[in-house]
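Trainee: I'd like a close look at one part of this predicted model. Could you walk me through a single strand and what sits around it?

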Amino acid sequence: MTIHWCGTGLSAIPGLRRLIEGGHKVTVWNRTIDKAKAEVGDLTDDIRTFDIEALGVVLVKGDVIVSMLPGDWHVPLAKLAIAKEANFVSSSYIAPEMRALDDKAREAGVALVNEVGLDPGIDHLMAHALVDDYRASDVFDAQNHLSFISYCGGIPKNTNPFRYKFSWSPLGVLKALRSPSKSIRDYAPLDVARPWDAITSYIAPLPTPESFEVYPNRDSIPFMEQYHFEKHWPVKEFVRGTLRLNGWADAWSEVFREIETLSGPEGDARLKEMSDQFWEENAYDEGEPDRVVLCVGLKSEKDGIPVWHRTYVMDAWGDARGTAMARLVSIPVSLAVEAVLNRAIPAGVHAAPSDPKLVQDWMAEIDTLAQHLQVVDHTQA
């Protein structure tokens, strides 16, 4: 069985190299062969120009397609995988068009695995671990009131005036700022049109506690079911969001004001101008360390008093191995590929696994990627 790894961008390489070095049969597909050779040419010469028709010719039953390409490619590649009775893995969120392939994937007996990067990915594993631990605890009670938070951010290790640095084109970050979000606050849905309307402060329980700015993103509410929350549980708070350095909102205030006024083709053109400027002024320098902070917390209260409260906290930064972001996105992808090859993930469309053994095994590997990984028990004096 061959792993067809498509895309050798900045956050793809550590996982790709891990699979090749692990002895797996890997064919590397990239739109630019020279770029792929520069990244993995020391390990393999099976590097080909990406073309979906050429991939379809060599794809056989049981193979795995990995898409580290832009999101527009995921569904076409997943459909190709189903047609050839092959499997598919990506780190991206499950789009409705991907979800719609579930029945066909099950019929074909193939797995389409998504949301197995950093966020989404590692955050899901942490959430599953916490919910399982809470369910197994002596204080579990379906009537307890629950609060769940999940905040992740890629931030500069060395602070700059803009309070942010870019590893690739800023356009995606700018477009995300125009997106609404939905979460739960005080037992009710909270709809936010723009992230800067809901920025709050969060103290991460790192070895030295550190304050960050956080805000909700996307629609958090469907993840309650994904994390196996029962419909009858009272949920006081449920939010998945983005974490930024303190001072980010002030540093970006003019950006927010301008984004609010942009619309239509002229607005898109202006966003591109802003993106180019930010890339020029705030891109990471060669070898400059990035940083990733991820906190996933679950609190259970009875009569207003916390009876169970734990936070899974991770802090990682760039080092001799390369960027933290690349490690934490692509190595979980490689773990998902191995799980698919080992038939540890069933047929159908899936996000990061909830199976306790896979969660434990993957988190043990992730522990080697981060400089700090810990479950903090807030109810222990």
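Which strand do 3 bridges join to β2, and do the two run parallel or antiparallel?

Mentor: That partner is strand β3, residues 47-49, and the two run parallel. Keep in mind that we're looking at a predicted model, not an experimental one. One of the pairings to find on screen is Val28 of β2, whose bridge partner in β3 is Ile47. Between the two strands comes helix α2, residues 33-40, and β2, α2 and β3 together make a right-handed β-α-β unit.

Now turn to strand β1, residues 3-6. Here 4 bridges do the joining to β2, and this pair runs parallel too. Ile3 is a handy marker, since it stands opposite Val26 in β2. Helix α1, residues 13-21, is the helical piece on this side: β1, α1 and β2 make a right-handed β-α-β unit. So β2 takes part in one unit with β1 and α1 and in another with α2 and β3.

How enclosed is β2 itself? The strand covers residues 26-30, and 5 of the 5 are buried, so β2 is largely enclosed by the rest of the structure. Buried here means under 20% relative accessible area. Look at the side chains along the strand: Val26, Val28 and Asn30 point one way, while Thr27 and Trp29 point the other way. Both sets are buried, and they include the polar-looking names you might want to click on, Asn30 and Thr27.

While you have α1 in view, follow Arg18. Its side chain meets that of Glu365 in a salt bridge, 4.0 Å from N to O. Arg18 lies in helix α1 and Glu365 in helix α14, residues 356-367, so the pair ties together parts that are 347 residues apart in sequence. Glu365 has 26% relative accessibility, so it counts as partly exposed. There's also a network of salt bridges that links Arg17, Glu21 and Asp42. For context, the whole structure holds 25 salt bridges.

If you're setting up a view, put β2 in the centre. Show β1, joined to it by 4 bridges, and β3, joined by 3. Then add helix α1 from the unit with β1 and helix α2 from the unit with β3. Last, draw the Arg18 and Glu365 side chains to see the salt bridge.

Notes:
Residues numbered from 1 in each chain as written. Predicted model: local features only at pLDDT ≥ 70, side-chain atom pairs only at ≥ 80, totals over all residues. Heavy atoms only, no water. Buried < 20%, exposed > 50% of the residue type's maximum accessible area, 1.4 Å probe, protein only. Pairing = 2+ DSSP bridges. Right-handed = clockwise from strand over helix to strand, strands pointing away.
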